[in-house]
Amino acid sequence: MNNFGENWLFDSFRMGYDRPRRGKIYLSYLIIGAASLLSIYVLIIVPILWAMGVMGLKRLTLKSWVASILGILTPYWIKLGIGVLY
């Protein structure tokens, strides 16, 4: 069984001992944001992941939280831009 999605998301919080990889966090939440364009119910997982990042993994910092917000909002920002052009 391929656990690429799980490994990608959880490994992004495990990099090093003092800080997570914000690039991987951004891309992980970008994929969640893109999936939420198809079904808005995908966004239910976001608060769960934030809670896991704060309590369980203890790796959610302000910068990684901002990266996750930007990752979720990027597909909607692009969709808004394309909608304004057409």
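**Figure 1. Contacts of P75 in the predicted model.** In this predicted model, P75 touches L30, G33, A34 and L37, leaving out residues up to four places away in sequence. P75 is found in helix α4, which covers residues 62-85. With a relative accessibility of 10%, P75 counts as buried, because that value is under the 20% cut-off.

**Figure 2. A34 and its distance to P75.** A34 has its place in helix α2, residues 22-38. The C-alpha atoms of A34 and P75 are 5.7 Å apart in space, while the two residues are 41 residues apart in sequence. A34 is also among the residues that P75 touches. The relative accessible area of A34 is 37%, so A34 is classed as partly exposed, between the limits of 20% and 50%. P75, in contrast, is buried at 10% relative accessibility. A second C-alpha pair involving P75 is that with A35: these two residues are 40 residues apart in sequence and 9.2 Å apart in space.

**Figure 3. The largest nonpolar core.** Seven residues make up this core: I25, Y29, I32, V46, L49, A67 and I72. Helices α2, α3 and α4 each supply at least two residues of the core. The most comes from α2, with 3 residues. In soluble globular proteins, nonpolar side chains tend to be buried together.

**Figure 4. Surroundings of V46 within the core.** V46 lies in helix α3, which spans residues 45-56. The relative accessibility of V46 is 4%, under the 20% cut-off, and V46 therefore counts as buried. Apart from neighbours within four places in sequence, V46 is in contact with Y29, I32 and I72. These three contact partners are listed, with V46, in the largest nonpolar core. For the pair V46 and Y29, the C-alpha to C-alpha distance is 8.2 Å, at 17 residues apart in sequence.

**Figure 5. Nonpolar patch on the surface.** I40, Y41, I44, I45, I48 and M52 form this patch. Together these residues have about 610 Å² of accessible area. One of them, I45, is found in helix α3. I45 has a relative accessible area of 39%, which means that I45 is partly exposed, as the value falls between 20% and 50%. V46, which also lies in helix α3, is buried at 4% relative accessibility. For the protein as a whole, the exposed area is about 6200 Å², and carbon and sulfur atoms supply 71% of that area.

**Figure 6. Helices and confidence along the chain.** The protein has 4 helices and 0 strands, and from the N terminus on its elements run α-α-α-α. Of the contacts with a separation of 6 or more, 55% are between residues 24 or more positions apart. Buried residues make up 26% of the 86 residues. The average pLDDT is 79, and 71% of the residues score at least 70. Confidence is highest in α2, at a mean of 89, and lowest in helix α1, residues 4-13, at a mean of 57. Where pLDDT is low, the predicted coordinates should not be read in detail.

Note on methods
Residues numbered from 1 in each chain as written. Predicted model: local features only at pLDDT ≥ 70, side-chain atom pairs only at ≥ 80, totals over all residues. Heavy atoms only, no water. Buried < 20%, exposed > 50% of the residue type's maximum accessible area, 1.4 Å probe, protein only. Contact = heavy atoms within 4.5 Å. Areas by Shrake-Rupley, 256 points an atom, 1.4 Å probe, with all protein chains shown as cover. Patch = residues over 30% accessible without salt bridge, like charges linked within 9 Å, V, L, I, M, F, W, Y side chains within 5 Å. Salt bridge = Lys/Arg side-chain N within 4 Å of Asp/Glu carboxyl O. Core = buried A, V, L, I, M, F, W, Y, C linked by side-chain atoms within 4.5 Å. pLDDT = per-residue confidence, 0-100.
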